[in-house]
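Let's take a look at how the chains of this model are arranged and how they meet. Scroll through the structure first, then read on.

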4 protein chains.
Amino acid sequence: MVSKEKAVKKAWAGRFTKETSHIVESFTASIDIDKRLYAYDIQGSIAHVKMLAKQKIIKEEDANRIIQGLKEIKDEIDTGDFLFDISDEDIHMAIEMALKKKIGKLAAKLHTARSRNDQIVLDERLYLKDEIKNIIGLIQELRANLTRLAKIYIDVIMPGYTHLQHAQPILFSHYLMAYTEMFRRDVERLEDCYKRVDVLPLGSCALAGTAFPIDRHYVARLLGFKKVSENSIDTVSDRDFILEFLSAVAILAMHLSRFAEDFILWSSEEFNFIEIDDAFCTGSSIMPQKKNPDVLELIRGRVGHIYGNLFNLLTVMKGLPLSYNRDMQEDKRPLFDTIDTIKPILSILSALLQNIEINRKRMEDATRAGFLLATDLADYLVVKGMPFREAHETVGKIVKYCEEKGKSLETLSIEEMRNFCNLINNDVKEILDIKKAISRRSSFGGTAPMETLRLIKKVEKQLEDRTKT
Amino acid sequence: MVSKEKAVKKAWAGRFTKETSHIVESFTASIDIDKRLYAYDIQGSIAHVKMLAKQKIIKEEDANRIIQGLKEIKDEIDTGDFLFDISDEDIHMAIEMALKKKIGKLAAKLHTARSRNDQIVLDERLYLKDEIKNIIGLIQELRANLTRLAKIYIDVIMPGYTHLQHAQPILFSHYLMAYTEMFRRDVERLEDCYKRVDVLPLGSCALAGTAFPIDRHYVARLLGFKKVSENSIDTVSDRDFILEFLSAVAILAMHLSRFAEDFILWSSEEFNFIEIDDAFCTGSSIMPQKKNPDVLELIRGRVGHIYGNLFNLLTVMKGLPLSYNRDMQEDKRPLFDTIDTIKPILSILSALLQNIEINRKRMEDATRAGFLLATDLADYLVVKGMPFREAHETVGKIVKYCEEKGKSLETLSIEEMRNFCNLINNDVKEILDIKKAISRRSSFGGTAPMETLRLIKKVEKQLEDRTKT
Amino acid sequence: MVSKEKAVKKAWAGRFTKETSHIVESFTASIDIDKRLYAYDIQGSIAHVKMLAKQKIIKEEDANRIIQGLKEIKDEIDTGDFLFDISDEDIHMAIEMALKKKIGKLAAKLHTARSRNDQIVLDERLYLKDEIKNIIGLIQELRANLTRLAKIYIDVIMPGYTHLQHAQPILFSHYLMAYTEMFRRDVERLEDCYKRVDVLPLGSCALAGTAFPIDRHYVARLLGFKKVSENSIDTVSDRDFILEFLSAVAILAMHLSRFAEDFILWSSEEFNFIEIDDAFCTGSSIMPQKKNPDVLELIRGRVGHIYGNLFNLLTVMKGLPLSYNRDMQEDKRPLFDTIDTIKPILSILSALLQNIEINRKRMEDATRAGFLLATDLADYLVVKGMPFREAHETVGKIVKYCEEKGKSLETLSIEEMRNFCNLINNDVKEILDIKKAISRRSSFGGTAPMETLRLIKKVEKQLEDRTKT
Amino acid sequence: MVSKEKAVKKAWAGRFTKETSHIVESFTASIDIDKRLYAYDIQGSIAHVKMLAKQKIIKEEDANRIIQGLKEIKDEIDTGDFLFDISDEDIHMAIEMALKKKIGKLAAKLHTARSRNDQIVLDERLYLKDEIKNIIGLIQELRANLTRLAKIYIDVIMPGYTHLQHAQPILFSHYLMAYTEMFRRDVERLEDCYKRVDVLPLGSCALAGTAFPIDRHYVARLLGFKKVSENSIDTVSDRDFILEFLSAVAILAMHLSRFAEDFILWSSEEFNFIEIDDAFCTGSSIMPQKKNPDVLELIRGRVGHIYGNLFNLLTVMKGLPLSYNRDMQEDKRPLFDTIDTIKPILSILSALLQNIEINRKRMEDATRAGFLLATDLADYLVVKGMPFREAHETVGKIVKYCEEKGKSLETLSIEEMRNFCNLINNDVKEILDIKKAISRRSSFGGTAPMETLRLIKKVEKQLEDRTKT
């Protein structure tokens with residue numbers, strides 16, 4: 001086009017010209033990041049080639065030579081004998097170039113009826129299916145460890161907190177089982193996400209499908225995909241499956257940050273409810289006495305990466321026109337980083353749980369501070385016929401009286417209590433017993449031992465059923 | 001506690017003392033925000049009271065009077081005759097106070113065996129179940145509108161884009177159906193989320209359950225919940241169901257932002273593929289000729305609120321100790337804002353789609369620029385026996401030649417082409433026909449009319465089945 | 001354009017046609033949100049009209065009538081006598097329409113040589129300048145309150161924490177002054193941001209400037225802007241000044257969330273370092289004994305809104321082509337919400353600080369647990385000639401011995417210590433005195449009273465200087 | 001503590017015991033990430049040791065041996081002869097261990113009167129000061145390149161866009177200079193941030209300062225810090241300086257994403273305003289004709305990482321109690337990633353700008369579509385005495401007439417125009433000339449060549465002044 005013009009470069013360009021190709025190469029290459037997908041890339045290519053042969057798009061013998069070559073390349077990468085080069089741009093090209101060196105021109109037939117646009121999502125989906133399964137496995141192991149602890153310590157009582165204030169007495173096991181519920185939901189979310197990952201994209205080609213008589217359902221069967229994508233434009237434009245995964249892990253990481261927070265609080269001098277094994281703590285370079293719950297702090301802190309990765313990809317995808325845009329290459333850094341962050345957290349937390357000491361006495365002592373049975377006393381009055389709100393107010397006054405006298409509810413005399421309300425009788429002593437109070441809270445899902453054990457058994461059953469399948 | 005001391009206030013306090021209660025009240029009150037939950041709050045209270053009576057925790061007649069009072073309050077709020085007051089703190093207290101005015105002390109029995117901690121999640125879950133259904137309805141309507149357009153315009157062709165560059169010719173309908181697929185996944189995600197919202201929290205009380213002999217499964221049946229929560233600490237600490245919803249809507253909003261982006265591009269002078277009805281555009285206060293696609297820009301822009309709301313609540317929940325903390329009150333602003341933002345977007349986009357004009361000729365003309373059939377030519381060579389990568393290179397050279405001569409592939413003579421590769425024969429003309437090229441791409445999910453129609457029918461069936469149930 | 005076609009609407013449209021204009025109106029209108037800018041909008045219009053008259057673009061008498069009309073409108077809005085209507089679209093049109101009703105056709109001259117594109121940023125900049133000043137004022141008041149507390153409690157000692165473990169003894173005042181430093185940086189960031197807000201945008205018109213002989217520097221003088229924007233395209237495309245403000249407030253909110261966290265911890269039964277006045281706490285609807293630090297929890301939780309607002313606008317602006325796009329209208333919700341969230345937090349925290357009780361004895365007692373002087377003992381050995389790392393190790397062993405024996409460093413005999421290192425002599429007793437240990441840490445910025453008082457005086461001076469100007 | 005108990009491990013632990021130390025080590029180690037700080041760590045240690053000697057805290061000769069050792073270690077790392085080991089935990093320990101191997105026990109004296117808590121922020125501040133300077137340099141180079149282009153192409157005209165619709169004609173150079181203004185603000189923000197990075201933290205030790213008679217101002221002078229931190233608790237707790245940097249770069253990245261968006265649009269077949277050099281584009285693996293603006297797409301996409309990193313660290317810091325917590329170790333990943341992402345973007349964009357071709361004719365032709373001079377015509381009527389809003393309406397009608405007749409404003413006859421308004425005369429032809437229209441917009445900051453050149457000169461001067469200093 002004659003009408004176009006270029007800035008007279010001599011004046012101010014020059015130093016770039018030589019470097020340009022290298023600058024651009026290293027700016028755009030993704031090989032450093034996506035090479036970890038090599039096994040999935042080769043697995044996908046082998047299935048693709050088998051299909052091409054079955055459909056007679058390429059010859060059987062050509063297919064066999066290509067497959068042989070791909071397998072050799074996989075072995076080389078497995079054993080570390082493969083040299084990646086930034087000029088290969090991405091994992092797809094790296095493997096194809098290597099194949100060319102091995103089997104010559106024939107290698108070029110591999111890319112018939114596909115594009116890197118559908119190939120990369122194939123790799124990502126195969127990879128993510130595996131990783132979701134891995135992560136679910138780690139969560140279930142964590143649930144198992146929590147449940148075991150809950151069973152062992154079924155008789156340990158402690159204050160339950162709302163607003164970080166003493167609220168009502170609970171079983172420590174009831175607390176632990178709250179997390180098995182959160183993690184169950186995390187598993188469910190990941191399983192739901194998995195359904196949407198488990199869809200074959202290959203055969204969508206660049207964006208419009210292909211004129212070659214391919215058989216996508218055959219490829220799906222070879223690779224173990226439940227479904228085949230229905231619209232080729234959507235298929236190459238879509239990163240929902242990654243976003244949904246990053247969201248599910250963000251919620252999981254939030255749960256973990258709360259667990260870490262509680263255990264950090266409980267390791268403090270002031271709470272002193274638990275002691276974490278030395279192996280999971282580190283010291284200070286300046287303060288000889290320090291034993292820091294670093295592992296828990298890092299668990300809590302790393303939620304930052306996981307939230308950040310979600311927002312990263314949401315930003316990338318915002319307002320992109322259809323179909324594929326190169327921006328989408330940037331999906332891999334957040335995906336890999338989230339996986340690399342969450343897996344060690346889950347592993348180490350399982351390990352740490354097996355190495356904590358419970359300060360049973362300190363937990364139990366704590367239930368005697370803070371008037372934990374005030375609700376029980378109010379409920380007692382309700383049973384005697386007083387409307388709840390009135391009972392609430394009456395007990396509020398008794399608590400105030402105790403505070404002024406430096407007494408606890410348990411140590412008040414019946415007479416002192418009757419000054420506030422003559423519905424109170426000797427039977428109140430039964431009420432003001434922490435362990436009995438816990439046992440009484442036997443509503444479905446409540447903290448009573450029988451209810452807590454019910455959930456323990458249910459979770460054990462869930463985990464067992466899982467192992468069987 | 002004698003040892004405590006207070007800063008000598010005279011020196012520097014003073015002006016606050018009088019205002020304090022009002023400042024704190026307005027700082028902590030949520031009534032302005034949560035009053036929209038009133039119908040659900042009353043619905044939940046009625047079910048709770050019915051259960052209390054059935055379990056003989058309160059008397060039948062008391063229950064009836066409470067229920068009658070609650071119904072009257074609902075009527076008053078419905079008709080706008082109810083006065084909300086910031087001193088009521090939250091919707092629960094506002095209703096209970098009103099009940100007290102109506103039926104006196106008896107009102108106080110309503111709060112037996114529950115807490116605001118489980119009551120607020122009950123309200124939120126009832127509300128969110130309704131809103132998820134509403135949003136799914138709006139998405140399905142949007143899918144229906146897209147599918148209708150796809151059917152009407154089944155013969156309109158246009159360039160398909162990757163990297164915003166002309167890639168391959170596609171059907172406009174194929175493009176539209178890509179969005180029905182995205183929105184299908186959005187529906188699925190919301191349905192999966194719904195399962196986890198559909199769990200009764202009531203009866204978890206403050207955090208530990210209750211000693212009253214309540215029947216949570218009965219309440220669940222009355223209110224239409226599929227499940228009953230299993231651990232009371234988890235129940236009052238959990239906001240997963242909101243986070244999951246906000247994540248699902250964030251992905252939906254991302255899809256909408258992409259659609260808006262495309263349609264804004266297509267409304268530009270340069271693309272000129274579509275014209276949006278004047279009713280959906282606004283003018284400029286200074287430039288008389290302007291007709292701006294404001295509605296689409298606002299759709300694209302409002303994804304910001306929806307992403308922001310997700311990160312808002314993720315931040316709130318990060319690192320919170322169990323169980324309930326007041327921070328969690330802040331879940332309502334992002335939840336309501338996301339719902340209030342997404343619903344009008346879905347409605348207006350359905351309306352807008354019914355008011356666009358398609359510039360069929362301009363779209364078709366555009367397919368003649370940019371060598372859209374280069375892939376087809378390469379595939380042609382592959383069929384003639386040339387390996388794909390080599391064919392790709394050969395066509396690349398032909399394209400370069402065309403660019404220099406100012407020609408298109410379609411207007412090259414066979415001879416000119418044969419200069420590059422003597423595998424090319426007269427039958428290539430068949431290949432270089434845009435409409436035929438589209439029809440050829442008949443792989444599953446491809447852009448060929450038969451494939452596009454297949455998906456149209458499938459989606460029509462999905463929507464129909466839905467209406468039946 | 002004949003070639004365009006419209007979907008045969010009868011089949012599936014219909015119900016929208018009548019509603020369309022209203023739907024679109026309410027979807028695009030911003031009047032509900034931007035009406036709060038009215039005073040700035042009118043202030044800007046008056047300055048603009050004065051300039052138009054001075055430059056003889058409109059007649060002096062016309063200008064006077066317009067100004068008179070605008071002032072009347074302002075009075076009406078001030079007193080609540082003005083009726084806003086959604087059909088007015090935005091605050092600019094609402095005022096112009098009202099002006100037209102007042103002074104007729106002449107009103108139309110007001111919009112000469114300007115556009116809503118530059119007008120809205122004018123309003124936002126005027127508004128934000130005021131609000132930044134307000135927020136800085138609130139922060140300085142908070143710094144003043146912290147400093148007063150620090151002065152009053154200069155003799156209160158407590159454990160300093162790292163990893164939430166006891167680390168070294170500190171002055172409570174030293175802790176408080178850490179926050180005056182954080183808040184000083186917040187002020188600086190807001191002041192730096194202010195410089196970039198303080199730039200006149202008006203006169204950039206739609207995007208390209210104007211042919212009218214306007215005098216932008218005169219308008220800047222009238223409105224009190226330091227600078228005039230240099231490029232009209234940039235001026236209407238730019239929302240940096242809001243993003244920078246939202247970032248600065250996000251960091252401020254983070255500081256506040258940390259303060260709230262500490263004070264929530266300290267209000268727990270286990271720490272019990274402080275007691276917050278009843279006026280700043282709320283109770284429980286079910287547990288009569290509860291006194292919850294709700295205000296602090298809400299401060300901590302509301303950081304979520306403020307983070308969310310930042311990411312909201314970052315998302316909106318990502319990838320927008322130049323110049324103005326309607327997406328940018330969505331800047332106001334996050335801006336206003338951040339301002340409405342942060343101001344009450346700052347106010348209430350100042351008030352709360354004047355209403356806390358310090359449990360001096362409990363804080364001091366806590367310094368005796370956790371071997372807070374281990375570093376001092378190590379330093380003592382270093383002074384005696386032992387390399388630091390070796391001293392660190394030696395003290396580590398002594399601490400372990402104490403733990404096993406249930407002793408503290410202070411209660412060990414010289415002999416017991418000498419078993420670990422014979423460099424230890426009687427002079428070590430001086431070292432193992434908490435108050436002396438604090439006084440010794442007199443390095444610049446250290447916790448020694450003299451250093452803490454130095455900073456107190458410095459901050460007092462800063463605040464005083466501020467008041468003078 | 002006798003009262004503590006440990007879960008009977010035999011049952012379910014076991015397999016972890018052997019691995020534990022390694023798992024924890026690799027979970028907590030930061031050496032892989034923070035080793036890049038080695039030069040700053042050594043620089044800081046040398047300054048620290050010099051001060052210890054000057055203050056006679058250690059002997060001159062000891063200091064010299066330590067310094068000698070540190071310099072050797074730096075050389076070894078520089079040349080790649082140093083072996084990092086994950087068991088070294090972090091860069092501080094790695095260097096100290098190496099020093100010990102070199103000079104024996106004496107190495108232990110290095111850590112006198114400091115802690116890793118103040119050491120790490122020292123390293124980060126030294127590092128960030130350098131990187132801010134580097135980034136500012138790259139931005140200024142980009143501004144220089146934009147300004148040179150603006151100068152060369154000063155006579156190229158194009159449509160200015162609002163809402164991506166043709167709005168008014170502008171100079172291409174005016175567009176380019178809008179970015180020099182955005183980038184100027186980015187530089188200012190980074191310079192303001194720099195002031196708050198340029199503060200010496202060392203000497204704050206663990207959190208409380210030290211009893212050793214250190215001289216922090218001397219260390220500040222040695223290391224080139226303008227200020228010394230004022231409160232030791234704040235100093236080790238503070239990561240504001242990183243958050244502020246991440247915010248500033250997020251805004252910068254947003255600007256870059258907008259630039260990329262515009263240039264991607266302009267490279268499309270439909271706009272065709274510019275052509276990017278082949279060296280900056282890549283092709284397609286399947287479509288031989290493709291030339292994709294990958295570099296620009298990646299610039300746009302990578303804003304995701306940069307936004308994500310900001311949210312990452314904001315999340316980490318939210319609600320952390322004072323002072324140092326291990327969570328804060330997680331600041332380095334987002335910091336380094338943002339720096340590693342933004343620098344290549346800035347470099348490559350400078351390079352790309354030197355390799356674009358401008359399609360001058362196409363840009364100019366585009367100004368003839370879309371009634372770009374409608375505002376000018378309205379202004380013409382205003383000058384003739386018509387109020388602006390009325391003129392706006394009149395021109396709106398003329399535009400509508402043109403659209404129906406398929407004419408442009410420039411080709412209408414005077415008579416046709418007078419049908420709408422008889423104020424129109426022959427002098428209107430002058431008005432309806434694109435180039436003249438541009439020249440007329442000579443208000444300060446407007447698009448007229450003289451105004452655009454004024455800013456070009458101003459920016460040239462800014463850049464020149466910078467080079468001098």
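## Chains C and A: a half turn

Take chain C, rotate it by 180° with 0.0 Å of shift along the axis, and it superposes on chain A with an RMSD of 0.0 Å. Which residue of chain C has its C-alpha nearest that axis? That's C:Glu270, whose C-alpha is 2.7 Å from the axis. The two copies also use the same surface: 100% of the contact residues of chain C recur in chain A. Keep in mind that this is a predicted model.

## Where C meets A

Now for the contact itself. On the chain C side, 48 residues are in contact with 48 residues of chain A. One common way to describe an interface is by its size, often given as the accessible area lost when the parts come together. Here, chain C and chain A bury about 3,800 Å² between them, and 56% of that is on carbon and sulfur atoms.

What about polar contacts and salt bridges? Across the interface of chain C and chain A, 15 residue pairs are in polar contact, counting pairs with both residues at pLDDT 80 or more. The count of salt bridges between chain C and chain A, on the other hand, is zero.

Which parts of chain C each supply at least two residues to the side that touches chain A? There are two strands on the list, strand 2 (157–162) and strand 3 (165–171). The helices are helix 10 (240–266), helix 11 (294–317), helix 13 (360–366), helix 14 (374–383) and helix 15 (388–405). Helix 15 of chain C gives the most to this side, with six residues.

## Chains C and D: another half turn

Chain C can be laid on chain D too, by a turn of 180° and a shift of 0.0 Å along the axis, with an RMSD of 0.0 Å. So these two copies are related as by a two-fold rotation axis. In chain C, the C-alpha nearest this axis belongs to C:Ser247, 3.1 Å from it. Because 100% of the interface residues of chain C are also interface residues in chain D, the copies meet through the same surface.

## A look at helix 12

Let's finish inside chain A, with helix 12 (residues 332–353). At 1.5 Å a residue, its 22 residues should span 32 Å, and the end C-alpha atoms are 32 Å apart, which agrees. Is helix 12 of chain A largely enclosed or largely open? Of its 22 residues, 16 are buried, so helix 12 is largely enclosed by the rest of the structure.

Conventions. Residues are numbered from 1 along each chain as its sequence is written. Chains are lettered from A and ligands numbered from 1 in the order in which they are written. This is a predicted model: local features need pLDDT of at least 70, side-chain atom pairs count only at pLDDT 80 or more; totals for chains, interfaces and linings use all residues. Side-chain values use heavy atoms; hydrogens and water are left out. Helices (H or I, at least four residues) and strands (E, at least two) are DSSP runs, numbered from the N terminus. The expected span of a helix is 1.5 Å times one less than its number of residues. Buried means under 20% relative accessible area, exposed over 50%, partly exposed in between (1.4 Å probe, protein chains only). Copies are superposed by least squares on the C-alpha atoms of residues with pLDDT of at least 70 in both. Contact means heavy atoms within 4.5 Å. Buried area is the accessible area (1.4 Å probe) that two parts lose on being put together, summed over both. A salt bridge is a side-chain nitrogen of Lys or Arg within 4 Å of a carboxyl oxygen of Asp or Glu. A polar contact is a pair of N or O atoms within 3.5 Å; within protein, one must be able to donate a hydrogen and the other to accept it, and residues adjacent in sequence count only if both atoms are side-chain atoms.
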